[in-house]
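Thank you for making time for this today. I would like to walk through one model with you, taking it piece by piece and keeping to what can be said with some care.

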Amino acid sequence: MHIAVLIKQVPNPDALAAVMSVDEASLKVVLPPGHPQVVSPFDEQALEAALRLRDQVGAAVKITAVTLGPDSARTALKQALSLGADDAVHIHDAALLDADSHVSAHALAAAIRKLGTIDLVLAGRQAADFDAGVVGLGVAEILGVPSVSFACGIEAVDGGVQVERVLQDGFETVQVPLPALVTISNELGEVRKPNLRETMRAARKPVAAWGAAELGLEASQLQPRSRRTRLFIPQKNTQCEFITGATAFEAGERLAQRLHDARVLG
Amino acid sequence: MPKREIEGDWVMGWPDRKRPEIAAGKDADGRVISGRTQILEQEGLITPTNNYYIVTQLDIPEPVHPDDWSLTITGEVERPLTLTIEDLRKLPGRSVRAVTECAGNDEGFFDYEKRGVSKPSRRYVPDFKRRAALKAQGVMPTNDELAGEMGNTCAMSGGEFTGVPLAEVLRRAGLKPGAQWIWMKGFDNGRPDPTMQYRSMGRSDVKVEDPGVINYDKGLPLDKALDPDTLLAWAQNGEWLMHVHGAPLRCIVPGWSGNWWVKWLSHIEVTREMPPCYHQTKYFVYGKSPDDPNKPMLTAMGVRNIITYPLDEDSPLERGSHAIRGLAWSGMGGIAKVEVSVDGGATWNEAHIEEPRERWLWVRWSYLWQVDAPGAYRILARATDVKGRLQPQTPWNYQRKHFDGIVPSDVVVE
């Protein structure tokens, strides 16, 4: 089984939002120099899902990490390799640096096609920067393979995979034949950490660098289909209200009522 | 008087004296590929590992986990061996304290002696960040630039190394009759950077042979290889060897310059003839000029001695007593005597050599100088090693290697 895992390097979502700003003229996020870049946590889950499939099926599972991004994105690939991916593909082209979801999906799909026979594509449910959550499913659409979203568990079954999906009010189990694409949600659970030996080995694993021309992307596939019209940091209005009462019990009762009225408590 | 100020630092949460700082060159990924620490910032005999000088002739390789590494011994041996780190650690080990010194350390003093150019300063550390950036861009230095460079003064460090004698490993492999050379090969490779040789020669108008991409290697003569202090080391200064210093295993060749201390060792081949190592036949050789047909390889260093106080920059000195201090070491064993002159070499006085006096480590020496008359003084110090060799031993050579001359401190007393 050959699994391609789509990963994206994003600004550390755990960093304080206050350090970020936006340039409203160029419609870009401005990060302070040296701001840490990490693998999008949902994509870490996708890689973890691939590694668990290998744990289940055995060494016959080959894992290829694929990313689209600038030079720095290579670090994200190194992390994937140190966690156990066998090789990696870095899609790197000036024409793709500001790719929207449509262009990104075409580039990633082209890379997967170029890799040859891919049985399964795994992606995070969304990237932890803009949280659009459409690239993964777009790749499935372009490749013409079935897709399953919001997976919290995946295991190999005869001829396909069985996926447990997270729903708003429960779980759903589906089976899908391969090839297929599955997006992984954070409910998958804790991800493994790289050890020293694999980190050292990672440096010797192959990383292919492909540009738009090598991927055979056509002009129409490089044309964005969405247009960012405004980028801004929302204003937060914080109001503070003190709930009091003659006794602690009364204060607590009033607080509960207030939260209920504000629909914080159901 | 320009007193050497104690600078402050925060160490473990406490205000403290400043620790020595390594001036490091880094690659595009921010990884250290070269470094020097001012010798004047160090105190005692052992250089902290983080301050140990770093020189590499080829590209620093990606690290290899010890569990993925092994050392092979082949060639003129009865029993070819493949040994893991754990195999090596089961052998009778040995720790050796020794000075590691770059063959080109203090090269600029050759020009000071020979051509009368201004005296290099021991406070000078080359701008390795700039050098690394120029290397990345493939920019070659010009003759004028090189003539203006001061040369290395800080490519020397003292360390304790733990490993197993190379002789022990060779004994287990069993040397065949006729075995003469121990060809040590590292897993680092790359294309030799010609600027290394340009800087060594102080000129860039000489053709430097390009061997293409090679692995670093050296062919050690058998008698030095069998010296019980010649080690295959996996530890330095009480901790596992760092990757930049050659982990998992490097060779320790006490008394011989750093180019012999092959890092990232992965293969040893025993041969009858001297192997054709680039860094033994083209670089790290003596000779009067690039065209000199006689270019013997470098071997043991001469007799080394440096004054660490006072230096020219410490002038003016106050009248009174001053402890003239320095470090001395030899390529052939311990230091027997250090003499100091405060009158430009007219008279000499024996300095006190501090214990311990180890074979391969430098010794600290001092001479208490009482100076009551203002004026200019030329302070000299010269060392004699246990073999009776008095410095200097090494004449000028075109690659400016193994400088061991007597460098005066010219000071003014007010």
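Let me begin with a question: how many bridges join β17 of chain B to strand β18 of chain B, and do these strands run parallel or antiparallel? Before I answer, please keep in mind that what you have in front of you is a predicted model. The answer is that two bridges join β17(B) to β18(B), the latter being residues 349-350, and that these strands run antiparallel. Within that pairing, Val340(B) is the residue that stands opposite Asn349(B) in β18(B).

Strand β17(B), which covers residues 335-341, also pairs with strand β21(B), residues 375-385, again in the antiparallel sense and this time over six bridges. Here the residue to look at is Ser341(B), which has Leu380(B) of β21(B) opposite it. In general terms, the strands of a sheet pair through backbone hydrogen bonds, in either a parallel or an antiparallel way.

Let me turn to another sheet in chain B. It is an open sheet of five strands, in the order β6-β5-β14-β9-β10, and its pairing is mixed. At its edges are β6(B), residues 81-83, and β10(B), residues 214-221, each of which pairs on one side only. If we ignore direction, neighbouring strands of this sheet are turned against each other by 20 degrees on average. Looking at the β10(B) edge in detail, we find that β9(B), residues 181-190, is joined to β10(B) by seven bridges, and that the two run antiparallel. One of the positions to pick out there is Asn189(B), whose bridge partner in β10(B) is Asn215(B).

Now to the domains. Chain B is divided into domain 1, made up of 66-100 + 156-191 + 212-281, and domain 2, which is 303-413. Taken over C-alpha atoms, the centres of these two domains of chain B are separated by 33 Å. The contact between them takes ten residues from domain 1 of chain B and nine residues from domain 2 of chain B. On the domain 1 side, strand β7(B), residues 94-101, gives the most, with four residues. By class, that side of domain 1 has five nonpolar, three polar and two charged residues.

Finally, which residues meet across the chains, in terms of class? Six residues of chain B are in contact with six residues of chain A, and those on the chain B side divide into two nonpolar, one polar and three charged.

Definitions and conventions:
Residues are numbered from 1 along each chain as its sequence is written. Chains are lettered from A and ligands numbered from 1 in the order in which they are written. This is a predicted model: local features need pLDDT of at least 70, side-chain atom pairs count only at pLDDT 80 or more; totals for chains, interfaces and linings use all residues. Two strands pair if DSSP finds at least two bridges between them. Domain bounds come from an automatic or database domain assignment. Two residues are in contact if their C-beta atoms, placed from the backbone, lie within 7 Å. Ala, Val, Leu, Ile, Met, Phe, Trp, Tyr, Cys and Pro count as nonpolar, Asp, Glu, Lys and Arg as charged, and the others, Gly among them, as polar. Axes are lines fitted to C-alpha atoms, for helices over the stretch in contact, and angles run from 0 to 180 degrees between N-to-C directions.
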